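Trainee: Got a minute to go through a structure with me? I'd like to start with charges and then look at the packing.
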Amino acid sequence: KNIVIGLDQANESQFKEAKKFFSTLPQKHDILWNDGPNLKKLDNQLADHNLAPQELGKGRNVWYCMGYILSLGDTEAIALHDCDIITYDRNLLARLVYPVANPRFNFDFCKGYYPRVSKKKKVRGRVARLLVTPLLRALEKTIGFKEYISFIDSFRYPLAGEFSFRRRVLKDIRIPYDWGLEIGVLSEMFRNYAGNRLCQVDIAENYDHKHQNISIDDNSKGLSKMSIDITKAVIRKLASQGETFSMSIFRSLKATYYREALDFVQIYKKDALMNKYEIDVHEEETAVELFAKNIMIAGEVFLDSPMESPNIPTWNRIDTAIPTFLENLKNAVKKDNEV
């Protein structure tokens, strides 16, 4: 019924180019020009109330899209997916949204999963394979069994940017503004909903999209920044449940993670050989070394900034603080798209 496109870091000419590009869509669609004067004005209004997302990032973009969808008031099932999917097929969207759109089901949230292999049969998904899974296993060995760790580990692809939910979920969800978005969303589902209201579904035979550089020499971008943000998101969630962390724990976690991750590299190597996939073991182990280093960086940031709050306020809180905000957001987007 509605297609909402969140457009970040675009100047006026790029916004016009995006409008022209998406104009071929037969469906009703709107572009959120996050860096345009109309949405910037609203962002400044939130900042005056200390409610604005503190940094640019994927989470901030998604959050504003969620707010716009709430302002429309005519949608009950919402699906979210990345815009750079090379292997995109409309069945992906149909399978993703079906569990929450079907009135016979009681699901509030659905997470997509899929194999990550490029058209050239190269194994992808390094952050999920080489950071998240071994990190969760290492955490369990370091701090003991936690229901939350088991919950995140139960998802076939926890970093998938493809998920769907009922409209009511949007009002109370608190998501990070950075690359911790996917982990943050799962964390909110763990906190707010019973397991029988959540599901995951296989949405594609294969999935490939634009790949981030690993960025070994700069942890402010690429997979390096992503790994730090994701690790911080997991640590913060555990801390919010009463878990205590120290540098000695992070040192143990790093060592345990490193051993776990190297074991996974060997597993993926054999898996690739068996299925005639291409995998570069040196590249994989280089990523593991970087992620191990970044676990320590994430730990230091967490301990040095105890007051840091990366989560954006809920839309319920925005509505309470500024009752006219959602209507103003809807009008601002409409004004941008009519020009």
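Mentor: Sure. One cut-off before we start: a salt bridge needs a side-chain nitrogen of Lys or Arg within 4 Å of a carboxyl oxygen of Asp or Glu. Also keep in mind that this is a predicted model.

Trainee: OK, so which side chain of opposite charge is nearest to arginine 167, and how far away is it?
Mentor: That's glutamate 76, at 4.8 Å. Arginine 167 has no salt bridge, even though it is buried.

Trainee: Where does arginine 167 sit, and what does it touch?
Mentor: It's in helix H7, which covers residues 167–172. Leaving out residues up to four places away in sequence, arginine 167 touches Leu70, Gly73, Thr75, Glu76 and Ile78.

Trainee: Switching to packing: how many residues are in the largest nonpolar core?
Mentor: There are 98. Residues with the most contacts inside it include Leu46, Tyr257, Trp315 and Leu329. Helix H5, residues 126–143, gives the largest share of this core, with 10 residues.

Trainee: What about leucine 329, what does it touch?
Mentor: Beyond four places in sequence, leucine 329 touches Leu39, Leu42, Tyr64, Gly67, Tyr68 and Trp315. Apart from the largest core lies another one, of 8 residues, with Ile5, Leu7, Ala18 and Ile31 among them.

Trainee: Last one: why does aspartate 263 count as partly exposed?
Mentor: Because its relative accessibility is 38%. Aspartate 263 is in helix H10, residues 247–275.

Trainee: And how far is aspartate 263 from tyrosine 157?
Mentor: They're 19 Å apart, C-alpha to C-alpha, and 106 residues apart in sequence.

Methods
Residues numbered from 1 in each chain as written. Predicted model: local features only at pLDDT ≥ 70, side-chain atom pairs only at ≥ 80, totals over all residues. Heavy atoms only, no water. Helix = DSSP H or I, 4+ residues; strand = E, 2+ residues; numbered from the N terminus. Buried < 20%, exposed > 50% of the residue type's maximum accessible area, 1.4 Å probe, protein only. Lys, Arg positive; Asp, Glu negative; His and termini not counted. Contact = heavy atoms within 4.5 Å. Core = buried A, V, L, I, M, F, W, Y, C linked by side-chain atoms within 4.5 Å.
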